[in-house]
Amino acid sequence: MKKLIYRIVISSVLITILTIIYLSTIGVKTEKFNDQIISKVKEINSNFDLKLNQVSVKLNPIALTIDLKTLGTNFSFKNKIIQLENLKTQISLKSIFNDEFALNEISISTKSIPIKNLIILAQEFTDSEQLLFANQILDNGYIVADLKFEFDEIGNLKDNFIIKGLVNNAHLSVSNKKISKLNFIFQANNKELNLEDLTFLLNNKNLVIPKIKVEKQNNNVLVEGNIQSKDLNLQKDELKKFIDNKFLNTNLNNLIFSSNSDFKFYIDQKFKIKNVNIKSLINVRKLDINNSLSKNIFLPNTKDNIIFENQKINLDYNNNTIKIFGSGEVFIQNNADFVKYKITNIKDDYFYDLNLDIKKNPLVIDFINFEKNIENNLNLQIRGELIKNRLKFDRIILSENMNVISINNLKLSDKYEIEEVNNIRFNFQDKSNYKNELELKKNNNEYLITGKSFNADQLLTNLLKSSRNDKKEIFHKDFKLKINIKKIFLDQNNEINNLKGEVIFNNNAITNLNLVSNFSNNQKITFTIRENNGEKITTLFSGKAKPLVDRYKFIKGFSEGKLDFYSSKKDSASKSTLKIYDFKLKELPALTKILTLASLQGIADLLSGEGIRFNEFEMSFSNKGNLMTIDEIYAIGPAISILMEGYVEKESLISLRGTLVPATTINKAIGSIPLIGNILVGKKVGEGVFGVSFKVKGPPKNLETSVNPIKTLTPRFITRTLEKIKN
């Protein structure tokens with residue numbers, strides 16, 4: 001009997017163990033639990049419904065639970081159907097015996113389903129802001145996901161849910177940017193959403209984001225991650241879709257770059273992005289931008305486009321602040337230069353530090369006669385800021401070997417007029433091999449220019465070429481300029497010493513000027529401007545006329561002489577008188593042609609050979625707009641005398657007529673007749689009864705000359721000559 005009982009017990013235990021092993025490993029398939037599972041699911045949410053096939057049942061003896069699994073299940077809610085790969089759930093044995101809520105957890109693995117359906121399903125379990133955010137920005141696309149939810153003893157969903165899966169071909173909209181063909185792996189719980197291996201098209205450009213993390217923080221959602229692009233090629237029309245900046249959208253033509261960027265930003269409850277932080281390493285293979293310096297006078301070979309190549313850039317964007325540090329090659333002219341830059345942008349203000357190495361390219365500063373040697377490297381440093389549309393240069397330094405030009409604390413107005421400058425220094429050898437050593441210093445509202453030497457050749461040439469009516473708004477404030485320079489080079493053959501004086505600028509015009517200097521032989525040169533009751537008086541006297549007259553290239557072989565100039569200007573009209581004394585003229589094409597046409601070949605040969613001497617030249621003229629009216633030009637000399645009048649329309653028309661009197665034998669003979677000769681001719685050589693009438697008219701480069709070689713002198717000529725003789 002004992003043996004039988006023993007065998008029954010052993011058999012029962014063995015059967016129980018085998019049953020437990022079988023149920024734990026292989027399990028059984030049944031439909032008996034279907035109604036219970038569907039009922040429990042409806043307890044979670046009345047909108048949920050399941051269509052179950054046979055359920056695989058396994059025992060978990062350690063956890064005292066029953067694990068249920070079904071394949072090929074259709075899950076429906078709110079008229080939406082989700083095809084499930086499988087559904088797993090766990091029922092507590094203890095809860096069943098105690099008649100409590102028996103469902104411990106539920107796990108769902110989906111087939112490929114519309115992404116919107118899964119988000120809506122997940123929102124039935126939780127009101128997570130991550131899911132709300134995902135529902136707002138995601139559209140279309142498909143998802144394969146695994147969802148796991150746990151319940152407490154009374155059937156409430158715990159907040160430790162886990163959702164993970166794969167998204168394919170989704171569409172995304174953030175801040176008016178459209179993203180398509182979005183693919184990524186994701187994992188989400190109640191605290192955060194992690195995305196990995198994102199690939200997508202942004203405006204038809206392939207981008208890769210290795211990782212994004214979305215985390216709830218107070219009332220905001222934190223988004224951070226890394227984005228990478230390789231050889232991204234953006235044309236002008238495409239750039240507008242990426243960059244919301246008027247200047248860049250207008251001027252950028254092409255951008256080819258690779259980048260590696262870490263980003264971080266917050267999304268508030270209204271789905272607005274804020275507190276953006278981006279740190280990027282950017283390799284710009286090519287950046288093509290319109291050149292606003294296309295007519296730059298300092299860089300003569302400037303192209304219509306500036307092209308940056310092989311730029312290594314660090315970009316740090318934090319809210320409204322952008323910091324850019326970079327370097328690389330730049331093509332402003334024909335050959336590559338090298339540039340380094342530090343730029344900080346805070347809202348509408350900019351702070352910059354630029355360093356440009358100009359290599360096999362020219363640089364010209366025409367008004368000071370400076371020109372870079374094409375074989376030398378020149379370094380240009382510019383540091384400053386642009387605040388409220390006011391440009392300030394803390395430092396501008398140009399250096400080429402021993403040549404240095406520096407400007408400190410230059411401030412411009414919002415109209416780019418000079419407000420002030422603290423210091424300017426010149427220490428360079430110009431293209432004519434003259435040494436220039438000058439310094440300008442600011443002292444309150446006055447400026448002082450001092451120095452050892454300065455070549456003013458090109459500056460004087462430019463001043464003579466400039467239009468009298470071309471008033472440029474250069475200075476923002478009125479100021480006084482004092483000058484004390486030991487030596488000024490006027491040209492290769494003339495210089496003046498100890499230039500001293502002062503200049504007063506009011507409303508961008510010189511209202512008072514007084515400069516005094518002297519040539520090496522102590523001949524004086526003075527220049528004055530004074531203004532009184534709206535009338536501006538200008539005077540210039542030079543003991544040597546040649547340095548000034550030689551600047552008019554159509555006059556050649558001018559020598560000796562003194563120059564005296566006087567001008568009075570009121571409103572837009574001026575009246576002037578120019579006098580030159582005791583000079584010799586060797587070549588003047590118009591005069592040579594007149595003499596030749598008048599058959600005065602001997603005098604013409606003299607003019608182009610040894611030169612003709614004049615005792616005095618006087619020109620009275622007036623200017624208004626582009627019209628110069630010549631009231632009279634009178635020149636008297638031993639060989640010829642000239643009386644002339646007419647007008648000149650700037651760069652358009654020249655019209656002159658006059659009389660030329662040669663000191664020929666016949667005039668000398670008439671002049672030798674007692675009494676009559678003195679009345680008609682006078683005792684001074686150069687006047688006579690007979691002369692040559694001429695006209696010169698036409699465009700400046702195509703003048704026509706006509707001559708009447710024999711004509712009795714007009715009373716005006718005789719009267720004018722008698723006045724000169726009397727004086």
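The following exchange concerns a predicted model of a protein.

Reader: How many helices and strands does the secondary structure of the protein come to?

Author: The chain has 727 residues, of which 41% count as buried. Among contacts with a separation of 6 or more, 46% join residues 24 or more positions apart. The secondary structure comes to 14 helices and 42 strands.

Reader: What share of the area that the protein exposes do carbon and sulfur atoms supply?

Author: The area in question is the accessible area of the protein, about 40700 Å². Of this area, carbon and sulfur atoms supply 52%.

Reader: Which strand gives the most residues to the largest nonpolar core?

Author: The largest nonpolar core has 129 residues, and L182, F186, F370 and L563 have the most contacts inside it. The strand that gives the most to this core spans residues 252–267 and supplies 6 residues. Such grouping accords with a general tendency: in soluble globular proteins, nonpolar side chains tend to be buried together. The strand asked for is β16.

Reader: Which residues does F370 touch, leaving aside those up to four places away in sequence?

Author: F370 is one of the residues with the most contacts inside the largest nonpolar core. Its partners, with residues up to four places away not counted, include E400 and N403. The full list is L363, V364, I365, L378, L398, E400, N403, I405 and F428.

Reader: Why can L459 belong to a nonpolar patch on the surface, and how much accessible area do the residues of that patch have together?

Author: L459 lies in helix α8, which covers residues 457–465. A patch residue needs over 30% relative accessible area, and L459 qualifies on this count because its value is 31%, which makes it partly exposed. The other members of the patch are I297, F298 and F367. Together with L459 they have an accessible area of about 370 Å².

Reader: Is N218 buried or exposed?

Author: N218 is found in the loop between β14 (205–217) and β15 (220–235). Its phi is near 55°, a positive value in a residue other than glycine. The relative accessible area of N218 is 70%, and exposed means over 50%, so N218 is exposed.

Reader: In which loop does N533 lie, and what is its phi near?

Author: N533 counts as exposed because its relative accessibility is 70%. The loop that holds N533 runs between β33 (524–532) and β34 (535–542). Phi of N533 is positive, although the residue is other than glycine, and is near 55°.

Conventions
Residues are numbered from 1 along each chain as its sequence is written. This is a predicted model: local features need pLDDT of at least 70, side-chain atom pairs count only at pLDDT 80 or more; totals for chains, interfaces and linings use all residues. Side-chain values use heavy atoms; hydrogens and water are left out. Patches are made of residues with over 30% relative accessible area and no salt bridge: like charges are joined within 9 Å, nonpolar side chains (Val, Leu, Ile, Met, Phe, Trp, Tyr) within 5 Å. Accessible areas come from the Shrake-Rupley method with a 1.4 Å probe; for residues, only the protein chains shown count as cover. A salt bridge is a side-chain nitrogen of Lys or Arg within 4 Å of a carboxyl oxygen of Asp or Glu. Helices (H or I, at least four residues) and strands (E, at least two) are DSSP runs, numbered from the N terminus. Buried means under 20% relative accessible area, exposed over 50%, partly exposed in between (1.4 Å probe, protein chains only). Contact means heavy atoms within 4.5 Å. A nonpolar core is a set of buried Ala, Val, Leu, Ile, Met, Phe, Trp, Tyr and Cys residues joined through side-chain atoms within 4.5 Å.
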